[in-house]
Amino acid sequence: MEYQKITKQPLEQHATKPNLEDYQTIREAFSWDAVSRELDWFDSEHINIAHIAVDAHLQTERRDKKALVWESTKGEVEEYSFADLARLSNKFANVLVNETGIQKGDRVFFFLERVPEIFIGILGTLKAGGVIGPLFSAFGPEAVNDRLADSRARVLVTSPALIKKITDILPGLPNLEKIIMVNRKQAPDFSGALAYEEAMGRASESFEIVKTGKEDYAIMHYTSGTTGKPKGAVHVHGAVVGHYATAKYVLDLHPEDTYWCTADPGWVTGTSYGMFGPWSNGITQVVYEGGFSARRWYKFIEQWKVTVWYTAPTAIRMLMKAGDDLPGQFNLDSLRYMCSVGEPLNPEAVVWGQQVFGMPFHDNWWQTETGAIMIANYPIQDIKPGSMGRPFPGITPGILDDAFNELPPGREGNLAVRPGWPSMFRTYWEKEDLYQSRFKNGWYITGDRAKKDEEGYFWFVSRADDVINTAGHLVGPFEVESVLIEHPAVAEAGVIGKPDKIAMEVVKAFVSLKEGHEPTNELQHDIQKFVMKRLSSAAAPREIEFIDSLPKTRSGKIMRRVLKAKELGLPLGDTSTLEDD
Ligand code: ATP
Ligand code: MG
């Protein structure tokens, strides 16, 4: 189906004047040096992310502004101003230095629920010159073990509920010297750990932030593991220039905004845009401790009058599944701008946003490795549903052939980016060869396939590993999945190439249904017919199988390699990031 362009109003008609007023002008005038100068560097070579995110506001009118409003799953609320975060993160930095002896460059990992202490702890660690490594609280012991062992973390910040999951792995981690236990109201029940509350009580409120160099390591994020073993992408303090600029121009954050990023701090979105991007812009953000629930999420937007909302395709598809009538039961008038990242955003979902919220979801593309948004839809620009948008000013992406030469518009190929932007990863932790192998012919090769149209909009095709080769045609699963979910009975779809003697591969779709639909043969034929009409015969699935839910990573991405392994009866490979329900 052809989707109509969603045209944006002229600049004067925006109720909130967009930060990016004119794409072309800003793109031409953009320089990373110039944006850098908007931030409070120690000197031309030294910058610290936590200083930029928090302490830099202390001499301004934002000092007592709310930085973090947190709501627990039980409905308790805690509020922290920038001054509060500065003071508490100073204390935590003192705890680390005085009670664990960490030094610049040491890794401090966080295996913690989405509680205020994870924000305070991360800021404090950065102030002390440590390298943070956030872990998703739903990880099992193996996933935690892999990451702690690989990074040789010296300190782990965790909680009584979570340590229970990992007590067995602790003896096998010789580098892990100290555990800091955030008890909150739970009774401490693990001996040998430093109690966060007690240590914070002893710690001084003043701390001299370590004047880290712009190239000093700051953040380690293991990638989602959608396609293989997670790798530790390492980012530097200078990355905050990228977080700041993209949060300003893509998320369009304004001083009066109340911003909600639904990503867990365990993923790069949860730090780049759940901490550093918004706070370096001095923005108030609201955080909900719990996971997805359609009703709870709408209520959260209503209650806190969220204005800017950053979420993910899988959540949007689940909201769509929950029904079009549900949002009407809440007052969502505060919303003015919605963005999405993490997976391709089906055009159907973009348009659904327009129908249900009166505004589209703005898709943007980036990776753990890029550290910040690279390609995006902006408030001022027309949206072509299904497109990731246009390059961020200061970013030069290209579509390359397999010899790594740039292709003209309209041709599909490898999505690459010219290296050198501030938030680019600086290595895969202790896998320098793997890191180097990602650079070819003066480009960073992203591992995704895409194409660019004549107007400079980029269109995601698939992960290079997911491309299906059927009778000589290359088919991207996303294209097929997007058509499948246009069918009224289909909630989600995952598409793979199934080996075939004649065609090499045939397209096979796994489909989960919306409530009220039964997996009958009739429905299967109906879906097949529906897709046939809309897609080339090569791309139309030869087989459709109904399943209750699709295997996804904990960040919500469809794991096609797991579907494929199951289909072929092969070992599932690394599933440490697989959701278990
Ligand atoms: P691994 O590299 O371990 O397989 P991963 O690639 O899922 O894991 P992330 O860095 O979290 O780890 O995800 C980035 C990838 O997610 C991108 O390379 C792309 O494949 C996909 N992605 C993210 N945003 C978008 C988007 N807006 N449109 C299409 N794909 C997206
Ligand atoms: Mg990846």
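This is a short talk on the two domains of this protein, the contact between them, and a few details inside the fold.

Hi everyone, thanks for having me. One thing to keep in mind as we go: this is a predicted model.

Let's start with the overall layout. The domain assignment splits the protein in two. Domain 1 is made of two stretches, 11-25 and 32-449, while domain 2 runs over 468-568. If you take the centres over C-alpha atoms, the two domains sit 32 Å apart. Where they touch, domain 1 supplies 21 residues and domain 2 supplies 20 residues.

How much area do domain 1 and domain 2 bury between them? The figure is about 1900 Å², and 56% of that is on carbon and sulfur atoms.

Now for the polar side of that contact. Between the two domains there are 6 residue pairs in polar contact, counting pairs with both residues at pLDDT 80 or more. There is also 1 salt bridge between domain 1 and domain 2. If you'd like to find a salt bridge on the screen, look for Glu492 and Arg317. Their closest N and O atoms are 2.9 Å apart.

Which elements give two or more residues to the side of domain 1 that touches domain 2? They are two helices, α12 (313-322) and α13 (347-357). Of these, α12 gives the largest share, with 3 residues. Sorted by class, that side of domain 1 has 9 polar, 7 nonpolar and 5 charged residues.

Next, the sheet. Here 9 strands come together in an open sheet with mixed pairing. Reading across, the order is β2-β1-β11-β10-β12-β13-β14-β15-β16. At the edges you'll find β2 (77-81) and β16 (390-391), each paired on one side only. Let me zoom in on one pair of neighbours: β12, residues 308-311, runs parallel to β13, residues 337-340, and 4 bridges join them. In that pairing, Thr311 faces Ser340 of β13.

Back to salt bridges, this time over the whole structure: the total is 41. One of them joins the side chains of Lys127 and Asp55, at 2.8 Å from N to O. Why pick this pair? Lys127 belongs to helix α5 (residues 116-127) and Asp55 to the loop between α3 (49-53) and β1 (66-71), so the bridge ties together parts that are 72 residues apart in sequence.

While we're at that loop, let me point out Ala56, which also lies between α3 and β1. Leaving aside residues up to four places away in sequence, Ala56 touches Asp40 and His51. Its C-alpha atom is 8.3 Å from that of Leu39, a residue 17 places away along the chain.

That's the tour. Thanks for listening, and I'm happy to go back to any part of the model!

Technical notes: Residues numbered from 1 in each chain as written. Chains lettered and ligands numbered in written order. Predicted model: local features only at pLDDT ≥ 70, side-chain atom pairs only at ≥ 80, totals over all residues. Heavy atoms only, no water. Domains from an automatic or database assignment. Contact = heavy atoms within 4.5 Å. Buried area = accessible area lost by both parts, 1.4 Å probe. Salt bridge = Lys/Arg side-chain N within 4 Å of Asp/Glu carboxyl O. Polar contact = N/O pair within 3.5 Å; in protein donor to acceptor, adjacent residues only side chain to side chain. Helix = DSSP H or I, 4+ residues; strand = E, 2+ residues; numbered from the N terminus. Nonpolar A, V, L, I, M, F, W, Y, C, P; charged D, E, K, R; others polar. Pairing = 2+ DSSP bridges.
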